[in-house]
Amino acid sequence: MSNLASDTAMVLAAGMGKRMRPLTATQPKPMVRVAGKPLIDHTLDRLAEAGIARAVVNMHYLADNLEAHLRDRKSPEIVLSDEREQLLETGGGLVKAQAQLPDPFFCLNSDNIWLDGPRDCFADLSAFWDAEQMDALLLVVPHKGAHNFRGLGDFNIDEDGRVSRRTEARLAPFIFTGIQLVAKRLLRDAPDGPFSTNVLWSRAIEEGRLFGLPFTGQWFEVGTPEAIKPTEAALRHV
């Protein structure tokens with residue numbers, strides 16, 4: 001743990017998984033299996049390997065299914081953030097769970113599959129982290145390292161690592177991997193109820209406090225059923 005900025009990660013697992021239909025008709029997206037195990041187990045296993053002790057997992061859609069699956073998990077220790085009553089989106093989910101989160105904390109989507117470069121991504125984020133300057137540090141990947149991804153990209157990064165958004169109709173060199181290191185300062189004065197983390201990122205960009213770190217490994221977007229087979233094929237060659 002000594003080389004990590006935090007011992008806790010927030011795992012976002014509450015979404016409806018609409019793009020993954022029909023596989024999510026009877027199970028939440030984090031329970032969809034890829035290469036023999038549920039998506040969320042890919043994420044949690046990587047957290048355990050990195051030495052991250054706690055995972056705060058939010059849940060909403062078919063939450064009983066996810067809760068039952070996580071009940072016997074020992075590493076990392078699982079703390080549930082229950083959104084059964086109202087789906088709060090990414091930003092609202094962080095705000096609801098913030099009392100259970102240290103400062104800073106890692107945050108991941110629950111459908112992440114990635115292969116690290118020379119060093120694990122949590123160590124890389126921790127080494128680059130500067131609490132004085134940063135509200136959040138996003139792990140971003142260049143197009144050549146983003147598998148199953150067909151978009152125009154999300155962000156530009158300047159020489160200091162500060163992030164700006166892609167301008168309309170232009171290609172941006174970096175894609176957000178769904179992995180970030182977050183200062184609780186990012187959550188201050190947040191809106192009530194459901195909202196996207198994008199609201200908080202926009203403020204941080206204006207203040208020069210949103211940073212990005214290019215990922216040196218391979219990242220797989222697993223957002224649709226069609227992405228599963230190519231991802232499994234790539235993982236077999238590791």
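Two strands pair if DSSP finds at least two bridges between them, the strands (E, at least two residues) and helices (H or I, at least four) being DSSP runs numbered from the N terminus. The model is predicted, so local features need pLDDT of at least 70 and side-chain atom pairs count only at pLDDT 80 or more, while totals for chains, interfaces and linings use all residues. Residues are numbered from 1 along each chain as its sequence is written, and side-chain values use heavy atoms, with hydrogens and water left out.

**Exercise 1.** Determine which strands are joined to strand 6 and in which sense they run.

*Solution.* Begin with strand 1 (residues 8-12), which runs parallel to strand 6 and is joined to it by four bridges. Next take strand 12 (residues 174-182), where four bridges again make the connection to strand 6, but the two strands run antiparallel. A single residue of strand 6 shows both connections: Phe 106 is the bridge partner of Ala 9, and in strand 12 Phe 106 has Leu 181 as its bridge partner. Finally, consider burial (under 20% relative accessible area, with exposed over 50% and partly exposed in between, for a 1.4 Å probe and protein chains only). Strand 6, residues 105-109, is mostly covered, since four of its five residues are buried.

**Exercise 2.** Describe the geometry and burial of the ring pair Trp 114 and Phe 122, and find the cluster to which these rings belong.

*Solution.* Rings of Phe, Tyr and Trp (its six-membered ring) pair if their centres lie within 6.5 Å, and planes under 30 degrees apart count as stacked, over 60 as edge-to-face and the rest as tilted. A search of the whole structure with this criterion returns five aromatic pairs. In one of them, Trp 114 and Phe 122 lie 6.0 Å apart centre to centre with 75° between the planes, an edge-to-face arrangement. Trp 114 counts as buried because its relative accessibility is 2%, and Phe 122, also at 2%, counts as buried too. Ring pairs then extend the group, linking Phe 106, Trp 114 and Phe 122 into a cluster, and Phe 106 is the residue of strand 6 that was met above as the partner of Ala 9.

**Exercise 3.** Work out the order of the open sheet of three strands and identify which strands stand at its edges.

*Solution.* The order is 7-14-9, with mixed pairing. Strand 7 and strand 9 stand at the edges, because each has a single partner strand and so has one side without a neighbour in the sheet. Between strand 7 and strand 14 there are four bridges, and the pairing is antiparallel; within it, Trp 114 has Trp 219 of strand 14 as its bridge partner.

**Exercise 4.** Locate the buried side of helix 6 and state what covers it.

*Solution.* Helix 6 (residues 228-236) has as its buried residues Ile 228, Thr 231 and Leu 235. These residues lie on the same side of helix 6, because they cover an arc of only 65° around the axis, the arc being that of the directions from the helix axis to the C-beta atoms. On the face turned away from this buried side are the exposed residues Lys 229 and Arg 236. The cover over the buried residues, judged by contact (heavy atoms within 4.5 Å), includes strand 2 (33-34), strand 7 (112-115) and strand 14.
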